[in-house]
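The exercises below are meant to be worked through with the sequence and the 3D structure in view. Each one sets a task and then gives a solution in steps.

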Amino acid sequence: MGGVGQPEAARLVTGLRQRRSRVRMTLAEARRLGQRLSGYQLFWMALSVRLVTVVALLPTLTGSRAGRDAWIAFLAATVPAAALGWAIGYPSARFPGRGLVGQARASFGLWPGTVVALVYLAGYLITTATILREYTDAIVTAILPTTPPVVVVSIITVLAGVAASQETAAMGRLAVLLGGVVVFSVVIIGGLISPEIRLDNLMPVGSTGWRGFLSGLLMVLVWHSQYVFFYPLADTMAEPGAGPKALALAAAVSSVLGSAIAAVAVGVLTAELAVNASFPLFEVARLVSVGEFVQRIDAVAVGAWGLGLVLSASLFYHAAARGMAELLGLPQHRLVVKPMGVILVVVAMAVAEDSIEMRRFTDVKVLAPIAAAFVWLLASVWAAAAWLRGGATAAAQKGPG
Amino acid sequence: MLFLKGMADTRVIARNVVRPLVLGLPLQAGDGGGAGGVFVSQVQAVLDPEEAVLRILDGWTAVVGLPGTGPIWVADTSGRPGRTVEEPQSETGVRVPREGFTEMLETNLALVRTRIRHPHLRVEMRRVGTRSRTRLALIYVEGVAEPDLVQLVRQRLQGVTIDSVLESGYVEEFIEDSPYSPFPQTLRTERPDVVAANVLEGHFAILVDGTPFALIGPVTFWQLLTVEEDYYERFIIGSLLRLLRIGAFLISLMLPGLYVAVTTHHQEMIPTDLLLSIAAAREGVPFPALVEALVMELNFELLREAGLRLPRAVGSAVSIVGALVLGQAAISASLVSPAMVIVVAITAIGSFATPVFSMAIAARIIRFGFVLAAAVMGLFGVQAVAVLVLIHLCALRSFGVPYLAPVAPTVLGDWRDLVLRAPWWAMRGRPRFLGPPDPARRPLAGGAQGLRTGSRAAEGQQV
């Protein structure tokens, strides 16, 4: 007979239904997608936050340590950075549906967890203020020299506050759009300037020695600590398990892109010039000239970078507001956005006297101990605690049977 | 016998109601009436006098007091005056059907039904407006539209509590998600083919008696930059025109702001030759670029508004002549520079190329924000307003569907019909973000390969 047996027919029908259900997205799912944060959106959030720093600062900072080996330092950071991303995302997978305070308390206990949450909340505020100040200095230096910095800080804070008061999924959608713009601009600049790259500028490999290379690597790793913005957003994830993967992937991709940017900057400008340039990628973009028509695309790059910075500040602002609202037991995070905005303007103005002091603040000697203690160490301990406590919770829920 | 003269067709009454009654033929309820009854499309027995009054107000004829009968008999004799089906005035095209909606709900429903001859096409009638008692039709295709969506629209329509509904705009403001947003959250159209196409994708449509404008929802940002002709033309042409239109929208939104920012704050960004030309053109103009831009933009908006209110034959002439004469006079008087006139003219063309009127209006409003911010803060101001608009768009929804879908949130499968349009044979599914229960427009088997094989077979037969 050769026909399909009944069990096999049933299996085929079930398979068909499963395929249909994968194809079909119900409106409820579409709405959920609109209200919850997907792994894809988290990936773009993390990549955008990271790329903003990679584009603007890191080639210089890393180059000053690793010289022409900066691109190797970026590549070498791929695996540890991905591990850090995964560790930061891990507690969300272990304790789904909990935010910063919930995860911290579940992992460390009530009071230690509250202290950890407070440490991160302070970190979010300082990071947001630093980004605000960083962007303000760039704007005042390059575009509006006669405008008082406090005006620019206030305007950017309002912009970031409007974004931060939205739901997390809206922030995710913003990240997809703006992150796409940032990546697109980087890729376009790299593509257009590629004929100018001189491989001689990247040679010889290892010229700065192990000490310089490791120092550069440390600088790259320090700045990977930006992924901590994820903790307060974890309870909005559509799929809790997607958090660690998205962060790890973003860390790996940003390392590869960072390596490419560093290689282009050194390959075009030479290591000496790249180190001394304030923003090497923008310097590179200024050299682009296609048929004497496509010129001065550094303005486009700066614009895209500015968009990324606003997104970056908004994300940390949003994280701070969500964490604070959770700590205070408020029903909506937007209730604390305005008061936090006032604090942010004050902190942003007080965080540094000028751009020179800002640059000192970003030095590896200052940042490395902070990042090592509060991010690398704490995040690793947190992931381990979540693994231990989460396992115990799961076992307790499973019961003796 | 009760009817409203003017609303009911007296010839139908005389021939199909009075005559059978005089001849003593039995009055039968039900469609058609049958050979021995009343010869009109619908005859019904109603018990509620208020229901009978509503029918009379709709143009029906009520027969009361027939011997031996209890209820009131109402017969559809409606024949109110109305215009015939004509080409839509606000949505013209080259390769498009010439039929447009009228003010008659029945006619409009027939135009939609003509295009979707399927038993699953659902039309739910209801009345809105406590005094106007306007009839409204909610249209969707069962099995294609997500049931939750239909239920959501029903709930929102129940919230339309107002004494009169004279146009679909009344309903729109009651049912949209964010009333304070400048961006439209429903698509308004005069075209039955647009309604049919959208309903077949899983959207719903609302037709309101007394207006030729239908409402379609949910809509996305990208949908508001497309026209139906994109789908009628070959996909390459349709895609390129769509790209052009998106560019035109961005120009209409940002060009004056960018011009003001660059000429006021960032002259170093302009190539030297161009900068010299602009400087020479602006020589003698006593106002800053901001005032120039505002004067020209307001002038243009005034002309456009005046052109719309005047009779059609005169209106366009006034707009064109007014723009030319005023622009030339303003340049001659050194009130504005030629460069600014060019910028405003290009902006106007971009605005005209934006296919949905309400979207073009949104761009017009936001454009002033860009100009003001650019004048104060240069490109930083432009960037600030752009970020604000983006944040708003990211947070906006239309009937629960994110406004920027399928880009953000990303639904890659729906990108076949986004900025570019894939050929029809490659667009197998309906938009996934609408959650259609039946996601497939065409079966998986016999796709492009099948089509091509079929064409070859046909060629073989011809040979």
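A crossing of two helices is called right-handed if the near helix is turned clockwise from the far one by less than a right angle, and left-handed if it is turned anticlockwise. The model used throughout is a predicted one.

**Exercise 1. Describe how helix α15(A) packs against helix α16(A), giving the angle, the handedness and the residues that meet.**

Step 1. Begin with the geometry: helix α15 of chain A, residues 298-328, and helix α16 of chain A, residues 337-350, pack at an angle of about 125°, and their axes lie 10 Å apart.

Step 2. Classify the angle: angles of 65 to 115 degrees count as roughly perpendicular and those over 145 as roughly antiparallel, so the value for this pair makes α15(A) oblique to α16(A).

Step 3. Apply the definition of handedness given at the start, by which the crossing of α15(A) and α16(A) is right-handed.

Step 4. List the residues: α15(A) brings A:Tyr317, A:Ala320, A:Ala321 and A:Met324, which meet A:Val337, A:Met340 and A:Leu344 of α16(A). By character, the residues of this contact divide into 7 nonpolar, no polar and no charged.

**Exercise 2. Work out the strand order of the open sheet in chain B, and explain which strands stand at its edges.**

Step 1. Read the order across the sheet, which has 5 strands arranged as β4-β5-β7-β8-β6 in chain B, with antiparallel pairing.

Step 2. Look at the two ends of that order, where β4 (121-128) and β6 (187-189) of chain B each have a single partner strand, so that one side of each is left without a neighbour in the sheet. From one strand to the next, the twist averages 25°.

Step 3. Follow one pairing in detail: β4(B) and β5 of chain B, residues 134-141, pair in the antiparallel sense over 8 bridges. Within this region, B:Arg126 has B:Leu136 in β5(B) as its bridge partner.

**Exercise 3. Find the buried residues of helix α6(B) and say what covers them.**

Step 1. Pick out the residues of α6 of chain B, residues 192-201, that are buried, namely B:Pro192, B:Val194, B:Val195, B:Ala196, B:Asn198 and B:Val199.

Step 2. Search around them for the cover, which includes α3 (105-115), β5, β6, β7 (204-208) and β8 (214-217) of chain B.

Step 3. Continue just past the end of α6(B), where B:Gly202 takes a positive phi of about 115°.

Step 4. Set the helix within its chain, which holds 14 helices and 10 strands; of the 463 residues in chain B, 38% are buried.

**Exercise 4. Characterise the side of chain B that touches chain A.**

Step 1. Count the residues on both sides of the contact, which takes 30 from chain B and 33 from chain A.

Step 2. Assign the chain B side to elements: those that give two or more residues are α4 (147-158), α13 (357-395) and β10 (401-402) of chain B. The most comes from α13(B), with 12 residues.

Step 3. Sort the residues of that side by character, which gives 20 nonpolar, 6 polar and 4 charged.

**Exercise 5. Decide whether A:Ala260 is buried, partly exposed or exposed.**

Step 1. Locate A:Ala260, which lies in helix α12 of chain A, residues 242-269.

Step 2. Compare its neighbours with the cut-offs, by which a residue is buried at 20 or more and exposed at 12 or fewer; A:Ala260 has 17 C-beta neighbours inside 10 Å, and therefore counts as partly exposed.

Methods
Residues are numbered from 1 along each chain as its sequence is written. Chains are lettered from A and ligands numbered from 1 in the order in which they are written. This is a predicted model: local features need pLDDT of at least 70, side-chain atom pairs count only at pLDDT 80 or more; totals for chains, interfaces and linings use all residues. Two strands pair if DSSP finds at least two bridges between them. Helices (H or I, at least four residues) and strands (E, at least two) are DSSP runs, numbered from the N terminus. Axes are lines fitted to C-alpha atoms, for helices over the stretch in contact, and angles run from 0 to 180 degrees between N-to-C directions. Two residues are in contact if their C-beta atoms, placed from the backbone, lie within 7 Å. Ala, Val, Leu, Ile, Met, Phe, Trp, Tyr, Cys and Pro count as nonpolar, Asp, Glu, Lys and Arg as charged, and the others, Gly among them, as polar. Angles under 35 degrees count as roughly parallel, over 145 as roughly antiparallel, 65 to 115 as roughly perpendicular and the rest as oblique.
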